[in-house]
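Hi there,

Here is the structure I promised to pass along. Have a look at it first, and my notes on what turned up follow below.

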Amino acid sequence: HSTFTGVGGPCLIEKERLTLPAMLQQQGYTTALFGKWHIGMTFFDKEGKAINENGLEAVRRVDYSRPVPDGPVHRGFDQFFGTVSCPTTDWLYAYMEGDRIPVPPTQQLNKSKLPDHEWSLDCRPGLVAPDFDLEKVDMVFLEKSLQFLETHATKAPEKPFFLFHSLQAVHSPSFPMRDFKGRTTAGPHGDFIF
């Protein structure tokens, strides 16, 4: 398999394979993933055929009303909010919740509106959802993780949990939010990680 850069699938984790979150579920844990998945999911077109390829045209063919059968909620996570692949480089710029994309992409990414620096050049000209801001992706993931922790502590403090917080910040492109720009002497990437 190659790297998934859009709606390519199927998931690299076979349905029968025991995953860490599934094992923990069996032991009574609540499990959640907030962030990027990036190991493939199967999307379908309007005729119900699996797309399983990458690129802009593949993203355009997706029927966003259909559920994805092999995402995180099918591999041991009770909850998932995140992205199919890399949030800020790949062909599909939209959030997924559970097994669906509630706000589908509607327009092609306009790279001229992104910050112009050496750490911002790795974006494919994919489709972007109206609620998807490349400069705020990791903060959205953080808010979701914090919300999960607060809810869990309030509603089931005695129950163990497993939270996988999977950030974009480990690689470029780097888009530090306004509050972090200039906070380090390491440039945009340093500000982004900060």
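**Notes on the model**

E57 and R60 sit about one helical turn apart, because three residues separate them in helix α2. Please keep in mind throughout that this is a predicted model. The two side chains form a salt bridge, with the closest N and O atoms 3.5 Å apart. Both ends of this bridge are partly exposed: E57 has 49% relative accessibility, and R60 has a relative accessible area of 42%.

**The overall picture**

The protein has four helices and seven strands, and along the sequence they follow the pattern α-β-α-β-β-β-β-β-α-β-α. Of its 194 residues, 47% are buried. The protein exposes about 10,100 Å², and carbon and sulfur atoms supply 52% of that area. Among contacts between residues at least 6 apart in sequence, 70% join residues at least 24 apart.

**Salt bridges**

The count of salt bridges comes to seven. Besides the pair in α2, there is one between E14 and R17, where the closest N and O atoms are 2.8 Å apart. Here E14 is partly exposed, at 37% relative accessible area, while R17 is exposed, at 51%.

The one I would look at on screen is the bridge between the side chains of D90 and R124, at 2.7 Å from N to O. This pair links distant parts of the chain, 34 residues apart: D90 belongs to the loop between β2 and β3, and R124 to the loop between β5 and β6. Is D90 buried or exposed? With a relative accessible area of 2%, and under 20% counting as buried, D90 is buried. Its partner R124 is partly exposed, at 28%.

Two other residues help to fill in the surroundings of D90. T89 is in the loop between β2 and β3 and is buried, with a relative accessible area of 4%. The side chain of T89 makes a polar contact with the side chain of D90, at 3.0 Å. D122 is found in the loop between β5 and β6, and is partly exposed at 40% relative accessible area. D122 and D90 are 32 residues apart in sequence, yet their C-alpha atoms are 8.9 Å apart in space.

**The nonpolar core**

In soluble globular proteins, nonpolar side chains tend to be buried together. Which residues touch the most other members of the largest nonpolar core here? Among its 39 residues, they are F43 and L92. Two or more residues of this core come from each of β1 (30-36), α2 (56-61), β2 (79-83), β3 (92-93), β6 and α3. Helix α3 gives the most, with four residues.

If you centre your view on F43, you can follow its contacts beyond the neighbours within four places in sequence: V7, K49, A50, I51, N52, V62, V68, V84, L92, M96 and I101. L92, the other residue with the most core partners, is on that list.

**A nonpolar patch on the surface**

Helix α3 also turns up on the outside. L142, L146, L149 and F161 make a nonpolar surface patch of about 300 Å². The largest share of the patch, three residues, comes from α3 (residues 137-155). One of the patch residues, L149, is found in that helix and is partly exposed, with a relative accessible area of 32%.

Happy browsing, and do write back with any questions!

How values were computed
Residues are numbered from 1 along each chain as its sequence is written. This is a predicted model: local features need pLDDT of at least 70, side-chain atom pairs count only at pLDDT 80 or more; totals for chains, interfaces and linings use all residues. Side-chain values use heavy atoms; hydrogens and water are left out. Patches are made of residues with over 30% relative accessible area and no salt bridge: like charges are joined within 9 Å, nonpolar side chains (Val, Leu, Ile, Met, Phe, Trp, Tyr) within 5 Å. Accessible areas come from the Shrake-Rupley method with a 1.4 Å probe; for residues, only the protein chains shown count as cover. A salt bridge is a side-chain nitrogen of Lys or Arg within 4 Å of a carboxyl oxygen of Asp or Glu. Buried means under 20% relative accessible area, exposed over 50%, partly exposed in between (1.4 Å probe, protein chains only). A nonpolar core is a set of buried Ala, Val, Leu, Ile, Met, Phe, Trp, Tyr and Cys residues joined through side-chain atoms within 4.5 Å. Contact means heavy atoms within 4.5 Å. A polar contact is a pair of N or O atoms within 3.5 Å; within protein, one must be able to donate a hydrogen and the other to accept it, and residues adjacent in sequence count only if both atoms are side-chain atoms.
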